[in-house]
Structures are given as C-alpha cells and as structure tokens.
Number of protein chains: 2
Amino acid sequence: MSLSDVTPIARRPLHEELTERLRSMILDGALAPGEKISEKALCDRFGVSRTPLREALKMLAAEGLVALTPHRGASVTRLTMADLDEAFPVLGALEAVAGELASAHVTEAEIATAQALQSQMRACHEAGDLKGYFACNERIHRLILQAAKNPTLTQMMQALGTRVRRARYQANMSEDRWAQAVAEHEAILEALATRDGVRLGALLKQHLANKAAALREALPPA
Amino acid sequence: MSLSDVTPIARRPLHEELTERLRSMILDGALAPGEKISEKALCDRFGVSRTPLREALKMLAAEGLVALTPHRGASVTRLTMADLDEAFPVLGALEAVAGELASAHVTEAEIATAQALQSQMRACHEAGDLKGYFACNERIHRLILQAAKNPTLTQMMQALGTRVRRARYQANMSEDRWAQAVAEHEAILEALATRDGVRLGALLKQHLANKAAALREALPPA
DNA sequence: CCGCTCTAGTTTGTATACAAAATACACTTG
DNA sequence: CAAGTGTATTTTGTATACAAACTAGAGCGG
C-alpha cells in the first residue's frame, strides 16, 4: 500500500456532516417545502448542540434551500410558479453551455458509464421503480456535468438544480411524462456519445423545458 | 406617513451585519485574496464573540468567497487563471440571457437612470477617477440586472460576479482597456435604450470577454 | 362575544467555557 | 548541525449558559 493511497481518517466537523444531512433531507422531501425548522427539534434528533446546527443552517440559507427570518427561525424554502419561471431561462442557458462543454471534454470511460446508467434507468422505468429512476436520472445528469470539466458550472447548476429538483416532491410525475423523459434521455445519450455539442445542448435545454412544463401543470396553483 | 412606509426598526442580528461587512471587505480588497482569516483577530476587531462571526464565515463560504479547511480555519479564496477560464463560459451565457430579459422588461425610468449613470461614468473616466468609475460601472451593471426582472438570474450572476470582480484588486486596469470599456458601455446603453435584446446580450457577452482577456494578461502567472 | 393587554413559556441570538486539533518551538539524539 | 520528538501555546470545534425576542394563551374590559 503506497503512501499516497492512505486516505486521511475522516474526522469531519459536525457542522459539515449536518449540512450534508440536512441538504439531503430537504432534497428528499423529508423536510417538506415551507416546513418550519425548529433548532431544538433537530438538535434533539441529531444529538448535537445548536452551535454546529446553526452553522449548517446558515450555509443552506446561502444556498437558497432554507430561509432565515430574524428571531423567527428557519424554514424550508418553497418553490413557487414564479420561481420556476425565473429559474427556467437561467437553467436553460446553463444546460446549453453544459452540453457544449461536455461534448468537448467527455472521455470514453464517461460515455460508457453514462450508457450503463441509461440502460439501468430504462430498466427502472419498465419495472415501475420511480425511486430508482430518480436515482439514475440524477446520476446521469451529474455525470454530464462532470464531463463538462467545469466545477464552476457544476456548482451553479447544482445550486439552481437542487431548488428546482425539489419540485418533484411537490408535484408527482405522470405516466406519459415519465415515458417521454426516458425517450429524451436516449437522444441525449446519443448526442453525448457522438460528441455533438450543439445538439446535446439543445436537447438538454428542451429536456428541461419539458420538465418545467410538466411541473407547471402539476404544481399547486398557489 | 402611510403604514407601508414605516421601515421596521433595524434590529438586525449580528451575524447578518457581519456577513455583509466581511463580504464588502473581501470585495474591496481589505481582506486580500489568499489571506488567512483568524477568528480571534476579527472578533477583537468587531468586538463580537466568535459565534456570530463563525456563522457569517459559513455563509461566505457557501457563496465561495472564503474557503474553510477543517481545524485550520478560513481564508479568502484566490482567483486563479483556471477559475477565470471556468467562470467565463458560464457568465457569458448568463450575460446573454440578462441582455435579452433586460431588453424585454426594462422601463423608461430605468433607461433614464442608466443614461445618467453612463454620463457620470464618462466624467469619471475623463477625470481619471478610477474609484468613481468602478462605482458607476457597478451600478450600471446592477441596473441592467434589475431591469431583467429576474431575481434568480441576479443572484446567480452576483454570486459569480463577486468572485470575478475581485480580480480588479489583483490586476490593475490599463489606460487602453479603460477607454475601451467606456466605449463598450456606450454601445451597451444604446442597445438597452432601443430594447434590442439580441444585440444587448451579445454586447454584454463581448464586454465580459474583453474584460476577461484584460484580466488574463494582468493576472499574476501563478 | 370580540378584542386587547399582559404574562408565562418557548425559541432564537450571543457570549462564554471547555475539548480537541494544529502549530510553534525547545530539546534530544544521531 | 540536522532531523525528529515532545511539549507548550494557539486556534478551531462544540457545548452550555444567559439575554432578548417572539408566541400563545389567560384574564380583563368594551
């Protein structure tokens, strides 16, 4: 075992761990949009003091996942129709950039991985495994971002994406939309494999537009 | 005095105040890129305890202005050439979106304000007032973002922009570049006034590209 | 019965205290 | 003298304690 292989023992600070856990909880819907976050309740739940928890909440607030109201505590931000309308042109432009960069920098190995994930995703769809599908979907999109080799872009899109992606838990996906999404992914993968940047960008942007349209239908009118 | 006019008494939490102050200090270069941030030193300076200061640092970390290393404290992030190369395509795409949205939603009043700022900026340039120029420049760009009427876009661009804008303090601007920038602004203002979205987007993107090129020349090779 | 006020209890904001890790530096040892 | 080791000091991480603000609800008055 070479020296460079030894990963340093993970003695991560609590606030770091808490940030990730809370983020996951929000993304998974375990903390529902609009829900009020009681510091004490979470402290009891995690068995930590308020100090690291508050630090974690501050970071999530800066990411836009929670809203802080002075002396009134934190709450999970809720995605409104207006937010969706705002986010759409921004995310659309970023998707297009991601597509072009990914096509330019993607490796053979990444293409192979993407294709494997794609067939796994198709299997989940056929089996009616929505949760598994979401997981694959997530990993494919993350892979494309990774292929773009641009951490700044990745960070921007994830910051925005996490906000939008939560809408899934506010609005269920229809059968039709699901089938359509899978089909769109087939085309996306092909564009990636052939490194057709412009087409990939356009497909990703369209994929997003369709998702937004579906969400808009399903989102509560309020 | 109407009820809606009463601004709530400013009883802002310390961590909020600290976040803004520290952000300004970083953006103004009072805290230099790469500089190590000692919690104790800042606490003494502001006369507060470490708790709110640490919360402020966490938020700035989430914004990408400071880097946190476990058990080793915080430091102001340094803009590298690679960061610039990464940020450029992302910001470029966003500038284009901003231009189109701004053209579509800008009001007459905003156009008038922009033109006033523009002549003020020209005056600063002729007077050799670099600091004043920066201030005008900043306000014009902020106005354009405001005109786009898209808070999400604003937030994204500011998050990215603050990172890049700091480069000014790492790299001084040449006389030539300054004159060029002023000229570019004239064209930008005209496109805004005539609500030519595509042209405005392209001009903003080009303006950014030129700025990036100038920075790249002036940035320390490391 | 509705609405106000005042108080008790809860929750957030900040400071301080203590624990753990990292740094600095003197000291030993080859 | 160089390299390494051990200890003292500093700095960061977390918990607790206390202060200030908000919330809820009882009691009072219209």
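1. In this predicted model, helix α4 of chain A meets helix α7 of chain B through a small set of named residues. From α4(A) come A:Asp83, A:Glu86, A:Ala87 and A:Val90, and from α7(B) come B:Pro151, B:Thr152, B:Leu153 and B:Met156. Sorted by class, this contact holds 5 nonpolar, 1 polar and 2 charged residues.

2. Two packed helices are described by the angle between their axes and the distance between the axes. Here, helix α4 of chain A spans residues 81-105 and helix α7 of chain B spans residues 151-165. Their axes come within 8 Å and cross at roughly 45°. An angle from 65 to 115 degrees would count as roughly perpendicular, and one under 35 degrees as roughly parallel; α4(A) and α7(B) are therefore oblique to each other.

3. The contact between the chains as a whole takes 27 residues from chain A and 27 residues from chain B. On the side of chain B that touches chain A, the elements giving two or more residues are α3 (50-63), α4 (81-105) and α7. The largest share of that side, 10 residues, is supplied by α4(B). By class, the side of chain B that touches chain A comprises 17 nonpolar, 3 polar and 7 charged residues.

4. How are the two copies related? A turn of 180° with a shift of 0.0 Å along the axis lays chain B on chain A with an RMSD of 0.2 Å. The copies are thus related as by a two-fold rotation axis.

5. Of the interface residues of chain B, 100% are also interface residues in chain A, so the copies meet through the same surface.

Technical notes. Residues are numbered from 1 along each chain as its sequence is written. Chains are lettered from A and ligands numbered from 1 in the order in which they are written. This is a predicted model: local features need pLDDT of at least 70, side-chain atom pairs count only at pLDDT 80 or more; totals for chains, interfaces and linings use all residues. Axes are lines fitted to C-alpha atoms, for helices over the stretch in contact, and angles run from 0 to 180 degrees between N-to-C directions. Helices (H or I, at least four residues) and strands (E, at least two) are DSSP runs, numbered from the N terminus. Angles under 35 degrees count as roughly parallel, over 145 as roughly antiparallel, 65 to 115 as roughly perpendicular and the rest as oblique. Two residues are in contact if their C-beta atoms, placed from the backbone, lie within 7 Å. Ala, Val, Leu, Ile, Met, Phe, Trp, Tyr, Cys and Pro count as nonpolar, Asp, Glu, Lys and Arg as charged, and the others, Gly among them, as polar. Copies are superposed by least squares on the C-alpha atoms of residues with pLDDT of at least 70 in both.
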